[in-house]
Amino acid sequence: MVRSFPYRSWCGPAVLWVGIACLGGAPPAAPAAASAEAGTATSAAPSTRPNVLFIAIDDLNDWTGFLGGHPQAKTPNLDALAKESLIFTRAYCSAPACNPSRASMLCGVRPSTSGVYHNDNPWRPQMPDTVTLFQHFMAHGYKVHGGGKLFHNSFNDLDSWEAYWSRPDDPLPPDPPLNGIPNAAHFDWGPLDADDPAMGDAKLTDWAADFLGQRHDRPFFLAVGYIRPHLPWYVPRKYFDHFPLEGIVLPEVKEDDLDDVPPPGVRIANPKGDHAKVLATNNWERAVQGYLASIEFVDGQVGRLLEAFRRSPYAKNTIVVLWGDHGWHLGEKLHWRKFSLWEEATRLPLVLQVPGVTRPGGVCERTVSLLDIYPTLCELADLPIPSHLEGDSIVQLLRDPAAEWNRPVVTTHGYQNHAVRSERWRYIRYADGSEELYDHDNDPWEWTNLADRPEYREVKAELAKWLPRENREEGPKATPGRQNQRRAARAAQEAGWPAGLRAYFAREWYGEFDP
């Protein structure tokens, strides 16, 4: 739990200042590294710098109207923002899990460089002196306020905030699990008999809207982290009613899809785990319904936030960045959740609106990474770009979405397991040397692994040039709390579950029981 201290500031009574140094009312001092990198940039006139509205959405894949990932997705507010902005159709995470993806993006460092690969790897011990995106902007005079899930909740970074607002919990249904899967924990879905204002994400929107309605004497960086559609998919009943079960469209899945996948990929997919339980309990339509309902709910909250932003005096001088931390499987590759190197787990929504730079309705089909956001925002705000960053500024693409850009994206899941995604190809190499290769021009669902075919040897060799040269061993793991230790023990002893599912819950306790 993040330590926080109540403080009534100009941002309203709900703001929580973080860090003992804040008890006196002063913001925390920037780290020495941040101050050193700041140089003389702090002397520039703050009024000339753009504000930043930074919107994170947890576990949102391409099921939006503007990306077309599912025909029934209802995202009118995200779609409206997309029409006003530039969207990236090939945006990818650097790790397909919450903690390593967010740590990589917000520190600007690849997982293979940091050794932060999974949800139970605390990132700060691995990067003790790394200046985060938020620290860098604070060091250059920005008012940096955050609320909700930005870093992985267990590893929030106190020194990255001038003020941080802790999102309240959601109401819970009586007698879970609602889906009937025994000991489902957070792998659950069903309607809540509650209204929107009772939800934590709605209260987060209220806090952010209050900030936008106030007068600020210096440029701000407002970071808003929504939790839905992260599990469990509990949202007000009206959203479930918008997606009747009898009309639910399931993802298109090939039953023998794993037959040409090497053993490490099959272990990741774990078809005898979540997928087997979903099928055995007749839950596939209900799960898709729950995910769609959760997406529509969070779309409504983003809409409320954007409405407050457009009414504010900051709409013409604020960069808007909306992003998801990774994708999500709902049965594709016989897999559920994230934690894979395939398209569904790695592709994400990325929308940027930059006054004077992007044009409404812009579409960029180049491959970009969340790692690229840190240097991009630095360039847009005319801040120095820290030397430790491993991403590339994409300002060139913001100005000209069709500009030449030959930089594939690398996604890493665990030690020495990598995927390289170019505009046409996805190449996966696992730690044991086994491979997958998919041609997205002819196989958008990644159903046919071409890696063993000799005619693609040169394609693989070219893509392999982008694999990380440094592969740091995995860092330390956090110690599970007693509650999660009990859950893992119960999972391992559940005789009625397939062995793969027992192993999955015992292994992934940290990521799924702590959103």
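1. Asn51 counts as buried, with a relative accessibility of 6%, in what should be read throughout as a predicted model. This residue lies in strand β3, which covers residues 51-57. If its neighbours within four places in sequence are left aside, Asn51 is in contact with Tyr142, with Arg218, Pro219 and Phe220, and with Tyr314, Asn317, Thr318 and Ile319.

2. As for the chain as a whole, 17 helices and 18 strands are assigned, and buried residues make up 62% of its 515 residues. Among the contacts in the chain with a separation of 6 or more, 73% are accounted for by residues 24 or more positions apart. The contacts of Asn51 with Tyr314, Asn317, Thr318 and Ile319 may be looked at with this in mind.

3. One helix packing deserves a separate paragraph, namely that of α6 (residues 200-212) with α10 (residues 284-311), whose axes come within 9 Å and cross at roughly 10°. Because angles under 35 degrees count as roughly parallel, α6 is described as roughly parallel to α10. On the α6 side the contact is made by Asp201, Ala202, Thr205, Asp206, Ala208, Ala209 and Leu212, while α10 contributes Phe297, Val298, Gln301, Arg304, Leu305, Ala308 and Phe309. Sorted by class, this contact of α6 with α10 has nine nonpolar, two polar and three charged residues.

4. The aromatic residues can be taken next, with a count of 26 aromatic pairs in the structure. For Phe134 and Phe221 the ring centres are 5.4 Å apart and the planes stand at 90°, so this pair is edge-to-face. The pair links distant parts of the chain, since Phe134 belongs to helix α5 (residues 133-139) and Phe221 to strand β8 (residues 220-226), with their positions 87 residues apart. Phe134 is buried at a relative accessible area of 0%, and Phe221 likewise counts as buried at 0% relative accessibility.

5. Tyr239 and Phe297 form another aromatic pair that is edge-to-face, with 5.7 Å from centre to centre and 75° between the planes. Here too distant parts of the chain are linked, with Tyr239 in helix α7 (residues 237-241) and Phe297 in helix α10, 58 residues apart. Both Tyr239 and Phe297 are buried. Phe297 should also be read together with the helix packing above, where it is one of the α10 residues that make the contact with α6.

6. Beyond single pairs, ring pairs link Phe54, Trp123, Phe134, Phe137, Tyr142, Phe151, Trp161, Tyr164, Phe221 and Trp323 into a cluster. Phe134 and Phe221, the edge-to-face pair already described, are thus named again among the members of this cluster. Tyr142 is a further member, and this tyrosine is also one of the residues in contact with Asn51.

7. On the cysteines there is little to report, as the structure holds zero disulfides. Cys107 is buried, with a relative accessible area of 0%, and Cys364 is buried as well, with a relative accessible area of 0%.

8. Two peptide bonds should be inspected by anyone checking the backbone, given that most peptide bonds are trans. The bond from Pro176 to Pro177 is cis, with omega near 5°, and Pro177 has its place in the loop between β6 (163-165) and β7 (189-192). The bond from Leu231 to Pro232 is also cis, with omega near -5°, and Pro232 is placed in the loop between β8 and β9 (233-236).

9. Finally, there is a point on phi, which is negative for most residues other than glycine. Lys333 has a positive phi, near 60°, and is found in the loop between β11 (329-330) and β12 (336-337). Leu334, which is not a glycine either, has a positive phi of about 55° and lies in the loop between β11 and β12. Lys333 counts as buried at 2% relative accessibility, and Leu334 is buried with a relative accessible area of 10%.

Conventions. Residues numbered from 1 in each chain as written. Predicted model: local features only at pLDDT ≥ 70, side-chain atom pairs only at ≥ 80, totals over all residues. Heavy atoms only, no water. Axes fitted to C-alpha atoms, helices over the stretch in contact; angles between N-to-C directions. Helix = DSSP H or I, 4+ residues; strand = E, 2+ residues; numbered from the N terminus. Parallel < 35°, antiparallel > 145°, perpendicular 65-115°, else oblique. Contact = heavy atoms within 4.5 Å. Nonpolar A, V, L, I, M, F, W, Y, C, P; charged D, E, K, R; others polar. Disulfide = S-S within 2.5 Å. Buried < 20%, exposed > 50% of the residue type's maximum accessible area, 1.4 Å probe, protein only. Phe/Tyr/Trp six-rings, centres within 6.5 Å; stacked < 30°, edge-to-face > 60°.
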